[in-house]
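Thanks for asking for a second pair of eyes on this one. Here are my notes, set out as numbered points so that you can follow along in your viewer.

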Amino acid sequence: MSEYEKCKSDIVYFAEKFLDCTLAEWQKELLRRFHNGEELIFSGTGKGKKMVIAAMEQYKKVFE
């Protein structure tokens, strides 16, 4: 499997490897849920949530 295919199939791998994010388990779970097509609604603007949102936006730019 190429790096492109691995990143496209695993958003957590993409965020950690190419966006240089160190993610907590709850952040990984949110990214997996987003990747599986669930609609996520965020309240608050904590740093951890901002990192998840930024990773989702970057993923969309690259793969959609």
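**Notes on charged pairs and cysteines**

1. Let me start with Lys-28, which counts as buried because its relative accessibility is 15%, under the 20% limit for that class. Please keep in mind that this is a predicted model. Lys-28 belongs to helix α3, which covers residues 25-35.

2. What does Lys-28 touch, once residues up to four places away in sequence are set aside? The contacts are Val-12, Glu-16 and Leu-23. With Glu-16, the side chain of Lys-28 also makes a polar contact of 3.5 Å.

3. The pair formed by Lys-28 and Glu-16 is a salt bridge too, and its closest N and O atoms are 3.5 Å apart. Glu-16 sits in helix α2 (residues 11-18) and Lys-28 in helix α3, so this pair ties together parts that are 12 residues apart in sequence. Glu-16 counts as partly exposed, because its relative accessibility is 31%.

4. Lys-28 has a salt bridge with Glu-25 as well, at 3.5 Å from N to O. Here both residues belong to helix α3 and are three residues apart, about one turn of the helix. Glu-25 has a relative accessible area of 56%, so it is classed as exposed.

5. How many salt bridges does a search of the whole structure find? The count is three. Besides the pairs of Lys-28 described above, there is one between Arg-33 and Glu-38, where the closest N and O atoms are 3.0 Å apart. Arg-33 is partly exposed at 31% relative accessibility, and Glu-38 is partly exposed at 38%. Shared partners join Glu-16, Glu-25 and Lys-28 into one network of salt bridges.

6. On to the cysteines, in case you are setting up bond records for a topology. The structure holds zero disulfides. Cys-7 is in no disulfide, and the nearest cysteine sulfur to it, in Cys-21, is 12 Å away. Why is Cys-21 without a bond to Cys-7? Their sulfurs are 12 Å apart, which is too far for a bond, since a disulfide needs the two sulfur atoms within 2.5 Å.

7. Are these cysteines buried or exposed? Cys-7 counts as buried because its relative accessibility is 4%. Cys-21 is buried as well, with a relative accessible area of 13%.

How values were computed:
Residues numbered from 1 in each chain as written. Predicted model: local features only at pLDDT ≥ 70, side-chain atom pairs only at ≥ 80, totals over all residues. Heavy atoms only, no water. Helix = DSSP H or I, 4+ residues; strand = E, 2+ residues; numbered from the N terminus. Polar contact = N/O pair within 3.5 Å; in protein donor to acceptor, adjacent residues only side chain to side chain. Contact = heavy atoms within 4.5 Å. Buried < 20%, exposed > 50% of the residue type's maximum accessible area, 1.4 Å probe, protein only. Salt bridge = Lys/Arg side-chain N within 4 Å of Asp/Glu carboxyl O.
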